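Work through the exercises below with the sequence and the model open. Try each task before reading its solution.

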Amino acid sequence: SENIVPSANSFDLNELVQLLCYTQEEYQKYDTKFQTKSLDAYILEALLNPDSTILDSTLILDEKSVLAHRLQALQVYFYSQTFYSPTLLDAYNELKIKYPNSVHIIQFEPEVEKVKAYLKSSAEKFDKAEIIETNYYRFEDLLELFKGQNLLVDIWATWCSPCIQEFKYKENYKPFVKSGDLTVLYISIDKQRWEKKWRDNIKYNQLEGYHVHANNVLIKDMWEFIGGSTGAIPRYVLINENGKIFINDSARPSQKDLLEKQIKQLLSSMYQ
């Protein structure tokens with residue numbers, strides 16, 4: 001690979017330069033200026049009306065390559081709850097008609113069922129989630145609500161696939177919640193305009209506990225208060241009944257034995 005030199009003005013070189021410029025300008029920005037389209041518009045463009053300039057530049061004008069381009073988009077959209085919408089199902093059905101014999105299209109059927117379940121649950125009532133509507137700006141002020149309670153804080157976002165995967169293991173700490181020894185506080189760092197998706201995700205994943213949709217000021221203050229790897233999610237924090245951090249980067253729910261051990265250490269510290 002050391003002997004490969006990109007030709008002048010080649011697509012690969014142009015793409016590299018574009019990515020470098022984008023990275024330099026947008027790195028660590030929470031909301032980039034490029035995100036002007038709706039999520040449904042992205043779905044329709046990538047799956048049904050791929051940009052001809054992109055296809056030209058990547059030299060994939062033949063039908064098989066265009067299908068590969070669409071399959072890649074399907075994988076992105078189906079494996080991210082961010083894009084779950086009726087538009088995704090409609091676009092998928094159109095692709096099934098367009099490619100009736102494609103085994104690659106059919107492989108997404110299990111994901112289609114997940115989208116259907118997501119949309120169904122988002123329309124139903126779920127009364128086991130306590131939404132904190134107050135717009136807090138200091139993390140300590142938020143913690144004041146839970147004085148006298150031991151907290152497991154789950155910091156997540158709807159676009160974070162590992163965060164969503166961890167919800168499957170929430171039963172691993174449920175016994176501590178049911179006994180009254182532990183309270184769960186979910187803090188979403190989603191963009192404010194994604195409130196509906198945030199609320200839909202709470203229903204779909206059946207997240208019992210307290211919920212905060214953090215604004216940018218609270219997010220910044222929260223990371224400063226917690227310390228450690230700023231911005232890295234999923235992130236779990238154990239906080240004692242006095243509002244002090246016990247472990248600022250605790251085990252994940254999927255790490256059942258370790259998380260149980262840490263929670264028991266938190267509870268036993270009350271009596272020391």
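Helices, of at least four residues, and strands, of at least two, are DSSP runs numbered from the N terminus. The model used here is predicted.

**Exercise 1. Place Asn205 in the chain and state whether Asn205 is buried or exposed.**

Step 1. The chain has 13 helices and 6 strands. Asn205 lies in the loop that runs between α11 (195-204) and β4 (209-213).

Step 2. A residue counts as buried when its relative accessible area is under 20%. The relative accessible area of Asn205 is 10%, so Asn205 is buried.

Step 3. Leaving aside residues up to four places away in sequence, Asn205 touches Gln81, Ile164, Phe167 and Lys170.

Step 4. For the chain as a whole, 42% of the 272 residues are buried.

**Exercise 2. Describe how α2 and α5 pack, and list the residues that meet.**

Step 1. Take the geometry. Helix α2 covers residues 39-47 and helix α5 covers residues 86-98; their axes are 9 Å apart and the packing angle is about 10°.

Step 2. Name the arrangement. Angles under 35 degrees count as roughly parallel, so α2 is roughly parallel to α5.

Step 3. List the contact. From α2 come Asp40, Ile43, Leu44 and Leu47, and these meet Thr87, Leu88, Ala91 and Leu95 of α5.

Step 4. Sort by class. The contact of α2 with α5 has 6 nonpolar residues, 1 polar and 1 charged.

**Exercise 3. Compare the span of α5 with the expected one, then find its buried residues and what covers them.**

Step 1. α5 has 13 residues, and from its first C-alpha to its last it reaches 19 Å. At 1.5 Å a residue, 18 Å is expected, and the span of α5 is close to that.

Step 2. The buried residues of α5 are Thr87, Leu88, Leu89, Ala91, Tyr92 and Leu95.

Step 3. The cover over these buried residues includes α2, α4 (63-78), α6 (103-106) and α7 (109-122).

**Exercise 4. Find the disulfide and give its handedness.**

Step 1. A disulfide is a covalent bond between the sulfur atoms of two cysteines. The cut-off applied is sulfur atoms within 2.5 Å.

Step 2. The sulfur atoms of Cys160 and Cys163 are 2.3 Å apart, and the two residues form a disulfide. The count comes to 1 disulfide.

Step 3. The torsion about the S-S bond of Cys160 and Cys163 is about 80°, so this disulfide is right-handed.

Step 4. Both Cys160 and Cys163 are buried.

Terms used: Residues numbered from 1 in each chain as written. Predicted model: local features only at pLDDT ≥ 70, side-chain atom pairs only at ≥ 80, totals over all residues. Heavy atoms only, no water. Axes fitted to C-alpha atoms, helices over the stretch in contact; angles between N-to-C directions. Parallel < 35°, antiparallel > 145°, perpendicular 65-115°, else oblique. Contact = heavy atoms within 4.5 Å. Nonpolar A, V, L, I, M, F, W, Y, C, P; charged D, E, K, R; others polar. Buried < 20%, exposed > 50% of the residue type's maximum accessible area, 1.4 Å probe, protein only. Expected span 1.5 Å × (residues − 1).
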